[in-house]
Amino acid sequence: MATKYDVGHDCDDDIIASFFESVPSTLSSMSYAIPENDDTVSLSTQTHEYRIRLANTEERHESASILINRMYEWRGYKNLSAQTLTEPNRITLLAYDNDADVIGTISVGVDSPLGLYADSGYHDVLEGMRAKGKVLCEFNRLAMDPQVRNKRVLASLFHVAYLYPYGLFGCTDGLLEVNPRHARFYEQMLGFTLIGSERICPRVNAPSVLLLIDFEELGRRIREVGGRMDRAVGDRSLFPYSYTHL
């Protein structure tokens with residue numbers, strides 16, 4: 001059984017997005033923040049409803065922090081406090097399962113005078129993009145409960161996370177710092193490209209590479225195959241498991 005992070009009984013009126021799933025669709029063990037030696041998959045064929053909400057309370061931020069730290073601590077990364085999730089240029093999203101337990105999270109930071117986390121290791125790269133008129137954001141702290149390797153949950157969570165900076169702030173590109181071992185997953189499954197070679201991330205004192213995704217291309221992929229799921233024959237990315245174009 002998966003370890004869950006109960007956040008109580010939330011009201012349905014703050015749901016950003018939701019979907020029902022009755023057929024298991026699982027992620028491979030190469031997915032980010034999932035231990036590579038964990039081969040557990042869900043075999044349930046019961047119908048589940050998954051919901052995505054904004055982490056807009058102290059309790060929800062704490063739930064996100066618990067899940068993040070559980071996923072990262074086995075790699076020796078330092079604990080991340082819930083307070084860092086409440087910075088004014090950032091939002092955090094939570095994915096919930098049938099039992100109102102947190103099973104996934106992602107944070108999004110929009111470029112501002114505060115800068116981005118990626119500036120700490122790749123300031124020169126980001127400044128070059130800003131000089132070209134790029135409006136940047138970054139995705140951080142993506143974590144999924146390793147017992148819930150559900151393609152639709154991850155794809156839907158990322159889809160909503162992209163709509164926030166793109167639709168509300170006009171961001172043109174999204175950044176992602178990851179361990180070099182995880183870069184291939186994001187390149188193949190979500191269309192990121194490598195733009196920053198391996199450096200030591202000062203926040204966690206571990207190697208990282210910098211990835212970029214062009215939001216125009218991301219939107220095109222969603223319009224092309226979003227919502228098609230297994231009917232998108234030959235497409236092995238996560239885009240078919242995102243929502244249809246909104």
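These numbered points go through a predicted model of one protein chain, from its overall make-up to particular side chains.

1. Overall make-up. The protein chain contains five helices and eight strands. In sequence order, these elements run β-β-α-β-β-α-β-α-β-α-β-β-α. The pattern opens with two strands and ends with a helix.

2. Burial and surface. Of the 246 residues in the protein chain, 53% are buried. The accessible surface is about 11,500 Å², and carbon and sulfur atoms account for 52% of that surface.

3. Contacts across the sequence. Take the contacts between residues at least 6 apart in sequence. Of these, 71% join residues at least 24 apart. Several of the pairs below can be read with that in mind.

4. The nonpolar core. The largest nonpolar core is made of 46 residues. Phe139, Tyr186 and Phe192 have the most contacts inside this core. Helix H3 (residues 151-169) supplies nine residues, the largest share.

5. Around Phe192. Which residues does Phe192 touch, not counting residues up to four places away in sequence? Among them are Phe139 and Tyr186, the two residues named with Phe192 as having the most contacts inside the core. Phe192 also touches Phe158, Gly174, Leu175 and Leu176, as well as Glu187, Leu211, Leu212 and Ile213.

6. Aromatic pairs. The structure has nine aromatic pairs. One of them is Tyr162 with Tyr166, a stacked pair with 5.3 Å from centre to centre and 25° between the planes. Both residues lie in helix H3, and because they are four residues apart, about one helical turn separates them. Tyr162 is buried, with a relative accessible area of 5%, whereas Tyr166 is partly exposed at 31%. The pair formed by Tyr164 and Phe169 is edge-to-face, because the planes of their rings stand at 70°, with the centres 5.3 Å apart. Tyr164 is buried at 16% relative accessible area, and Phe169 is partly exposed at 44%.

7. The aromatic cluster. Ring pairs join Phe139, Phe158, Tyr162, Tyr166, Phe185, Tyr186, Phe192 and Phe215 into a cluster. Phe139, Tyr186 and Phe192 thus appear in this cluster and in the list of residues with the most contacts inside the core.

8. Salt bridges between distant parts of the chain. There are 12 salt bridges in the whole structure. In one of them, the side chains of Glu138 and Arg90 meet at 2.6 Å, N to O. Glu138 belongs to strand E5 (residues 136-144) and Arg90 to strand E3 (residues 90-96), and the two are 48 residues apart. Glu138 and Arg90 are both buried. Another salt bridge joins the side chains of Arg199 and Asp124, at 3.1 Å, N to O. Because Arg199 sits in strand E7 (residues 193-201) and Asp124 in helix H2 (residues 119-131), this pair ties together parts that are 75 residues apart in sequence. Arg199 is partly exposed, with 28% relative accessible area.

9. Salt bridges involving helix H5. The side chains of Glu224 and Arg220 form a salt bridge at 3.4 Å, N to O. What separates these two residues along helix H5? They are four residues apart, so the separation is about one helical turn. Glu224 is partly exposed at 43% relative accessible area, and Arg220 is partly exposed at 34%. Glu224 and Arg220 also belong to a network of salt bridges that links Glu217, Arg220, Arg221, Glu224 and Asp235.

10. Charges over rings. Arg90, already named for its salt bridge with Glu138, lies over the face of Tyr117, 3.5 Å from the ring centre. In another case, the charged end of Arg53 sits over the ring of Tyr96, at 4.9 Å from the centre of that ring.

11. Ser242. Where does Ser242 lie? Ser242 is in the segment after helix H5 (215-225). Is Ser242 buried or exposed? Ser242 counts as buried because its relative accessibility is 6%, and the cut-off for buried is under 20%. Apart from its neighbours within four places in sequence, Ser242 is in contact with Ala155, His159, Ile222, Gly226 and Gly227.

Technical notes. Residues numbered from 1 in each chain as written. Predicted model: local features only at pLDDT ≥ 70, side-chain atom pairs only at ≥ 80, totals over all residues. Heavy atoms only, no water. Buried < 20%, exposed > 50% of the residue type's maximum accessible area, 1.4 Å probe, protein only. Contact = heavy atoms within 4.5 Å. Areas by Shrake-Rupley, 256 points an atom, 1.4 Å probe, with all protein chains shown as cover. Salt bridge = Lys/Arg side-chain N within 4 Å of Asp/Glu carboxyl O. Core = buried A, V, L, I, M, F, W, Y, C linked by side-chain atoms within 4.5 Å. Phe/Tyr/Trp six-rings, centres within 6.5 Å; stacked < 30°, edge-to-face > 60°. Lys NZ or Arg CZ within 6 Å of the ring centre and 35° of its normal.
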